[in-house]
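Biologist: Could you walk me through one part of this model closely, the run of hairpins and the pocket that goes with it? I'd like the strand pairing, the turns and the lining in one connected account.

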Amino acid sequence: MKTKTILVALSLLLFLPALTIYAQKADFSGEWKLNKEKTVLADNQLFLSGITIQIKKDSLLTTRVYENGNGEEYPFEENISLDGKDCKIVIFDMPRTSKATISDTDGSIMIASTTTFSGNNGQEDMIAKETFKVDNEGKTMTLEFTNKMSGNEITGTYYYNKVK
C-alpha cells in the first residue's frame, strides 16, 4: 500500500508541473521592435517596424508603427475584440475593418483586416492576414503575414525582439 501511495505521489509531482507549463499562455504584452538583421524586407514597401501589444480579457490593443524606406514612421492605435467580431477604425483617412482571435491550440494571435484606400483605379482593398507567435522564453515574436491587393499577393515573416 505504501508503494502505491509513493508512486501516485511521485507521478503527481512529475505530471503537475509539466501540465502547468503546457497550459501557460504566450505573453504578447509589451513593446516589440523589428529585428532587421533577421527579417527580409521588400524594397519600397511599408513595414511594421514596431508594435506595442496589450491583451485584456476580451480585447487586443495595439499601437503599430509602420516605416518606409526613408525612415518616416506612421503610427496608429487599434483596439480589436478577441471574439472574432468586426472592429472598424479609420487610419490616415482609410477605413479599416479588423477581427482577431487567439488560437486555443498554440496561443497565437490571428488578425484579419481589410483597409480601403484610393488607388490609381479608384477604391481598392488591401486584405491582410497576420499570425503572431511568441517563443517559449517570451523574448522573440514572429509575424507571418499575407497581404493581397490589386491581384498581387505578398507573404513573409517578420521577427521582433521584446524591448519592454
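**Hairpins and the pocket**

Modeller: Sure, and let me start with a turn: strand 7 and strand 8 are joined by a hairpin that has two residues in between. Keep in mind that this is a predicted model. Strand 7 covers residues 109-119 and strand 8 covers residues 122-134; they run antiparallel, with eleven bridges joining them. Look at G119 and you'll find its bridge partner in strand 8, G122.

Carry on along the chain and strand 8 pairs again, this time with strand 9 (residues 140-149), antiparallel once more and over eight bridges. One pair to pick out here is T131 with E144, the latter in strand 9. The hairpin of strand 8 and strand 9 has five residues between the strands, and G138 in that hairpin takes a positive phi near 75°.

Now go back the other way from strand 7. Strand 6 is joined to strand 7 by seven bridges, and these two also run antiparallel. I102 stands opposite I109 of strand 7. Their hairpin has six residues between the strands, with G107 in the turn at a positive phi of about 80°.

One step further back, strand 5 (87-91) and strand 6 (94-102) have a loop between them that holds F92. The two strands pair in the antiparallel sense over five bridges, and I89 stands opposite R96 in strand 6. Two residues separate strand 5 from strand 6 in this hairpin. F92 deserves a pause, since its phi is near 45°, a positive value in a residue other than glycine. As a rule, most residues other than glycine have a negative phi. S150 is another one to check: phi is near 50° there, again positive in a residue other than glycine. You'll find S150 in the loop between strand 9 and strand 10.

F92 also turns up on the surface. Together with L46 and Y74, F92 makes a nonpolar surface patch of about 300 Å².

L46 takes us to the pocket, as L46 is among the residues that lie nearest the centre of the largest pocket, along with F47, Y66, M126 and N147. In total, 35 residues line that pocket, and its volume is about 910 Å³. Who supplies the lining? Strands 6, 7, 8 and 9, which we've just been through, each give at least two residues, and so does each of strand 2 (47-55), strand 3 (59-67), strand 4 (73-81) and strand 10 (152-162). Strand 10 has the largest share of the lining, at seven residues. As for character, the lining divides into 21 nonpolar residues, ten polar and four charged.

Since strand 10 gives so many of those residues, let's finish there, with K162. The side chain of K162 meets that of D27 in a salt bridge, at 3.6 Å from N to O. K162 lies in strand 10, whereas D27 sits in the loop between helix 1 (2-23) and strand 1 (30-34), so this pair ties together parts that are 135 residues apart in sequence. The structure holds nine salt bridges, if you'd like to go looking for others.

Key
Residues numbered from 1 in each chain as written. Predicted model: local features only at pLDDT ≥ 70, side-chain atom pairs only at ≥ 80, totals over all residues. Heavy atoms only, no water. Pairing = 2+ DSSP bridges. Helix = DSSP H or I, 4+ residues; strand = E, 2+ residues; numbered from the N terminus. Patch = residues over 30% accessible without salt bridge, like charges linked within 9 Å, V, L, I, M, F, W, Y side chains within 5 Å. Areas by Shrake-Rupley, 256 points an atom, 1.4 Å probe, with all protein chains shown as cover. Salt bridge = Lys/Arg side-chain N within 4 Å of Asp/Glu carboxyl O. 1 Å grid on protein atoms, 1.4 Å probe; cavity = no way out; pocket = protein on both sides within 12 Å on 5 of 7 lines; lining within 4 Å. Points joined across faces, edges and corners; volume = space filled by probe spheres on them. Nonpolar A, V, L, I, M, F, W, Y, C, P; charged D, E, K, R; others polar.
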